[in-house]
Amino acid sequence: MNKTLMKSFWLAAVLVAAAPAFAAENSDVERGRYLATAGDCVACHTAPGGKSMAGGLSLASPLGAIYSTNITPSKAHGIGNYTLQQFTDALRHGKRADGANLYPAMPYTAYAKTTDEDIAAMYAYFMQGVQPVDEAPAKQTALPFPFNIRASLGVWNAMFLDATPYKADASQTPEWNRGAYLAQGLAHCTTCHTPRTSLMAEDLKRSLSGGEVGGWYAPNITSHAVSGIGDWTQDELVAYMSGKPVPGKGPAAGPMAEAVDHSLKHLSPDDLKAIAVYIKTVPAVDDGSLKQPADSFGKQTDALDTLRGVDLPKDYNAMTGAQIYDGYCAACHQAQGQGTEGGGLPGLFHNTSLGHANSNNLVQVLLHGIERHGADTVMPGFAEELSDKQITALGNYLLTSYGNPSAKVTEQQVAQLRDPATAGGSSSLLTLARVGMGVGVIAVLAFIAWLLRRRKA
């Protein structure tokens, strides 16, 4: 066998290395189920209390709410009439069966990396292994003009979509390539963890250096020792993705908790290790937000001397952060923020959740808690009990006592994150698009006027 042929066989084998084995019977369906789990399809396409894959979940974006669609094999309301080619076009090109563009809240820019063989297996699963739901989602996406015109996304795709499937790097090991294939593709890590440009495209020069999704901060997961996860071990990364507690690193919350519960923890140990191997080699990006690792802040302390013999104010909005902590947090996290040894309640110091410069996740957890699929709520939220002023006071007390004292919580931030409709923030893209269209219309009218004057002359 010549070297070229050997290399071709090796590259083909790379993408299936470390993949789990399936029984011969219904192997495509079961393999497709595994791949759809890796893609975390159920998390976005299942509304709270709704039927699996039936859509209807509201996804906060800077342009407005985007509602997920029914992707069950229902012929009336789902994808039951899709051919394999149409299914492939949806995953790789962001195209519906009717030719309309999908919004890139569906991470087709990452799914495009998936091989034809894996897409075919996913197609078999969705058509044969998913229960059809003959109902349309209660709400449909209605973004403001001009983004309600889906054809405009054709320009965006032409500028930012690379629909080329993953190509193995012959200089790397099969394990590294398997991890890269999953992380860049179905696991769509860059979708959340990469900052966006003014045109809402991933800033590839700062890939995986931290982004925002629905008001949550997706931290820097490059190999930088301070800004990123350079000081994490491979075993810690695998444990985290498996849903296990990692001392000092803080529990997964928000979209990351969904990714862990619905997707990552169901992957094989070999695939999780492969992802960890790849992530540890991602080029380091220093975002400049930290001077020391996020898990190095704080110490065991309390403010009991400010509480003893002091009556609570009549206006509860005037309560100090220490008073609020004592009333709402100390029972679980203990008076000095040390948590419970072996009890599953983390300490608050030397905890990445309180160490980042971006405090959105802290506010989100205080407001909405941490929920885990298939398990009891890890932490209750206090949105119904504490006002914006109280959440602000508590958040800043936690940061100055146990976390990064340079980070801050503001009332405006709390008010924005309290409401899911505004949690995604706003974008200048809407104004830019409308101004651009206005300039275009003026240019066309000016050209027409010039033509008319020339004809008269």
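# Close-up views: helix crossings, positive phi and lone cysteines

**View A. Helix 4 and helix 6 sit roughly perpendicular to each other.** Keep in mind that this is a predicted model. Helix 4 covers residues 84-93 and helix 6 covers residues 116-128; the angle between them is about 115°, and their axes are 10 Å apart. Angles of 65 to 115 degrees count as roughly perpendicular, so that's the label this pair gets. As for handedness, helix 4 and helix 6 make a right-handed crossing. On the helix 4 side, the contact uses Leu84, Phe87, Thr88, Leu91 and Arg92, while helix 6 brings Asp116, Ile119, Ala120, Met122, Tyr123 and Phe126. Sort the residues of this helix 4 and helix 6 contact by class and you get eight nonpolar, one polar and two charged.

**View B. Helix 10 packs on helix 12 at an angle of about 125°.** Here the players are residues 234-241 (helix 10) and residues 269-279 (helix 12), with axes 9 Å apart. That angle makes the pair oblique, because the roughly perpendicular class covers 65 to 115 degrees and the roughly antiparallel one starts over 145. The crossing of helix 10 and helix 12 is right-handed. Look for Gln234, Leu237, Val238 and Met241 of helix 10, which touch Leu272, Lys273, Ile275, Ala276 and Val277 of helix 12. The class tally for the helix 10 and helix 12 contact is seven nonpolar, one polar and one charged.

**View C. Helix 10 again, this time through its buried residues.** These are Leu237, Ala239, Tyr240 and Met241. What do the buried residues of helix 10 pack against? Their partners are helix 11 (254-262) and helix 12. After helix 10 comes Gly243, with a positive phi near 85°.

**View D. Asp40 and Met53 both have a positive phi without being glycine.** Most residues other than glycine have a negative phi, so these two deserve a look. Asp40 has its phi near 55°, and its place is the loop that links helix 2 (27-38) to helix 3 (41-44). Is Asp40 buried or exposed? It counts as buried, because its relative accessibility is 11% and the cut-off for buried is under 20%. Met53 has a phi of about 65° and belongs to the loop between helix 3 and strand 1 (58-59). At 5% relative accessibility, Met53 is buried too.

**View E. Cys192 and Cys332 are two cysteines without a disulfide.** In fact, the structure has zero disulfides. Why is Cys192 not bonded to Cys44? The Cys44 sulfur is the closest cysteine sulfur to that of Cys192, but the gap is 8.1 Å, too far for a bond; a disulfide would need the sulfur atoms within 2.5 Å. Cys332 is in no disulfide either, with its nearest cysteine sulfur, in Cys329, 8.6 Å away. Cys192 counts as partly exposed at 22% relative accessibility, and Cys332, with a relative accessible area of 41%, is also partly exposed.

**View F. The whole protein, for context, has 19 helices and four strands.** Of its 457 residues, 43% are buried. How much of the contact count with a separation of 6 or more comes from residues 24 or more positions apart? Those pairs account for 66% of it.

Methods. Residues numbered from 1 in each chain as written. Predicted model: local features only at pLDDT ≥ 70, side-chain atom pairs only at ≥ 80, totals over all residues. Heavy atoms only, no water. Buried < 20%, exposed > 50% of the residue type's maximum accessible area, 1.4 Å probe, protein only. Axes fitted to C-alpha atoms, helices over the stretch in contact; angles between N-to-C directions. Helix = DSSP H or I, 4+ residues; strand = E, 2+ residues; numbered from the N terminus. Parallel < 35°, antiparallel > 145°, perpendicular 65-115°, else oblique. Left-handed = near helix turned anticlockwise from the far one by under 90°. Contact = heavy atoms within 4.5 Å. Nonpolar A, V, L, I, M, F, W, Y, C, P; charged D, E, K, R; others polar.
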